[in-house]
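Could you walk me through the fold of this protein and the surroundings of its metal? A short tour would be welcome.

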Amino acid sequence: MNEKLPPLVSGGLPVLGHALEMMRGREDLFRRGYAQHGDIFTIKLGPQYAVVVSGAEYNKQVYTQTDKSLNMQEAYTFLKASIGEVLFTANKETYTNQRPVLQEVFRRERMAAYIQAMNIEVQRWLDGLGNSGEMDITAEMLRLTQFVAGRALIGAEYEKELGAGFWAQYADISRSLDPLLPPHWPLPKFKRRDRARAAIRQTFQELIEKRRQHPQQYDDLISTLLKTPLKDGTVMDDLTIVSMFTGLLFAGHETTAGQAAWLVTLLLQHPEYQAKVQTEINTLIPPDTALDQDMINRLEHIFWAIEETTRMRPSADLQMRTVEQPLTLGRFELPKGWRVIVNAANSHFLPEVFNDPQRFDPLRWSPERGEGKNPFAIVGFGGGVHKCTGMNFAKNEMAVITALLFQQFKLELLSSEVHIVYGNGANHPSVVKVRYKKRK
Ligand code: HEM
């Protein structure tokens with residue numbers, strides 16, 4: 001291979017290259033690449049060459065090049081048929097035009113209302129558990145994060161407004177994601193996706209009309225999208241509003257569900273740290289009290305656990321870009337059309353950045369220890385201009401779930417082995433069976 005190109009990892013198959021390995025267990029592939037060549041190397045995914053980088057220095061270069069010589073939307077083209085042209089699937093001009101609206105949706109002042117929605121839904125879920133029983137945390141987090149998203153984005157009437165079939169329709173969209181097959185092939189899963197998108201579009205048309213007719217009665221995502229001007233001074237059309245909602249669900253639902261499930265699991269697997277979290281909850285959160293932003297800000301141990309979960313079990317473990325014009329990365333020259341991949345498998349476990357990296361050790365995030373201070377050291381919420389807009393939303397939601405769950409229930413972990421299940425959108429733990437009992 002040309003010396004100007006990063007070295008190729010061993011073991012690729014004819015034609016397929018490393019594509020199968022990438023699908024089956026990308027962590028192992030990335031770790032092998034790192035062991036062979038260090039922080040920059042090449043893999044081959046079918047005909048596509050992709051350069052995998054690790055470590056804060058390279059991560060920063062990639063994130064700060066995005067929308068210059070690295071293109072985000074091309075690498076995520078396979079999502080377009082599912083969610084339309086919004087956020088990371090839109091071209092640069094459309095993305096820039098939509099950005100003020102996205103900023104409005106996640107404006108700091110809106111967080112209080114989102115936190116209130118989180119409290120209501122988490123408490124409703126806990127009340128529904130009864131006094132004792134068994135449950136699968138992975139499945140429960142998928143359900144709970146739907147309720148939170150519904151209430152936070154559509155309002156108190158979300159169940160009636162979205163209708164009984166909504167989440168099954170959304171699941172048809174989510175399950176249709178396929179980075180390999182052309183999205184318009186007449187396959188059953190793509191047909192189900194298109195039917196689901198049409199049904200959601202119809203539901204939303206009614207919700208949009210209601211908000212248009214009675215704007216003063218609503219303050220939710222749809223009403224915000226209807227009235228907030230885009231950069232060019234116009235407002236979003238109806239189809240884009242539907243796409244924006246589906247896009248936000250795609251960005252935020254399975255990611256938060258997976259991360260929250262890992263957070264609870266890791267706490268249960270580490271009782272000595274769980275005890276610190278329990279003391280924090282008992283000290284700072286009086287029973288029957290809804291959490292507000294001030295209270296949440298005081299939860300240090302929970303937030304260090306959230307950071308450590310993001311490091312060890314990121315639900316978004318890689319990000320992709322496409323080289324738009326030849327790019328110098330370190331001592332290499334990447335040709336146009338190549339992919340670049342930022343990954344957690346290596347970056348989050350570098351011993352020169354994280355002391356004893358395989359150990360679950362949330363205290364490393366305390367100011368006294370201050371590990372991983374470099375903002376590009378971990379990539380679980382991305383970085384640079386496209387860094388996750390919903391990060392604070394997600395972290396606050398995980399904090400509310402952890403605080404209220406452990407405050408009100410004693411949990412015992414029954415699953416002895418929990419492993420990562422990779423999805424096309426986000427990762428999550430395998431089944432996490434727990435036995436629970438309401439505290440007196
Ligand atoms: C634990 C939960 C979450 C994780 C791990 C996560 C992770 C990420 C990552 C890694 C990116 C960057 C993608 C890239 O650079 O290629 C991203 C972007 C984004 N996320 Fe999240 N996310 C989470 C929750 C949410 C939530 C709850 C929302 C909204 C409700 C959300 C909305 C977005 C949006 C809109 C972007 C695109 C930002 C842009 O391109 O400017 N995310 N997220």
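Here is a short report on the sheet, one helix and the iron site.

This is a predicted model, in which local features need pLDDT of at least 70 and side-chain atom pairs count only at pLDDT 80 or more, while totals for chains, interfaces and linings use all residues. Residues are numbered from 1 along each chain as its sequence is written, and side-chain values use heavy atoms, leaving out hydrogens and water.

Let's begin with the open sheet, whose 5 strands run in the order β1-β2-β8-β5-β3 with mixed pairing. Strands are DSSP runs of E with at least two residues, and helices are runs of H or I with at least four; two strands pair if DSSP finds at least two bridges between them. At the edges are β1 and β3, each pairing on one side only. Strands β5 and β8 are antiparallel over 5 bridges, and M320 faces I341 in β8.

Two helices meet these strands; angles run from 0 to 180 degrees between N-to-C directions of lines fitted to C-alpha atoms, for helices over the stretch in contact (heavy atoms within 4.5 Å).

| Helix | Residues | Angle |
|---|---|---|
| α1 | 19–37 | about 155° with β1 |
| α2 | 56–65 | about 125° to β8 |

Next comes helix α14 (residues 300–312): 12 of its 13 residues are buried (under 20% relative accessible area, 1.4 Å probe, protein chains only), so the rest of the structure largely encloses it. Its buried residues, among them W304 and E307, pack against α11, α12, α13 and α16.

Finally, the ligand's iron has a single protein donor (N, O or S within 2.8 Å of the metal), C388 (SG), 2.3 Å away. C388 sits in the loop between α15 and α16. Water is not among the atoms, so the site may look incomplete.

Notes. Donors are N, O and S atoms within 2.8 Å of the metal (3.2 Å for Na, K and Ca); water is not among the atoms, so sites may look incomplete. Buried means under 20% relative accessible area, exposed over 50%, partly exposed in between (1.4 Å probe, protein chains only).
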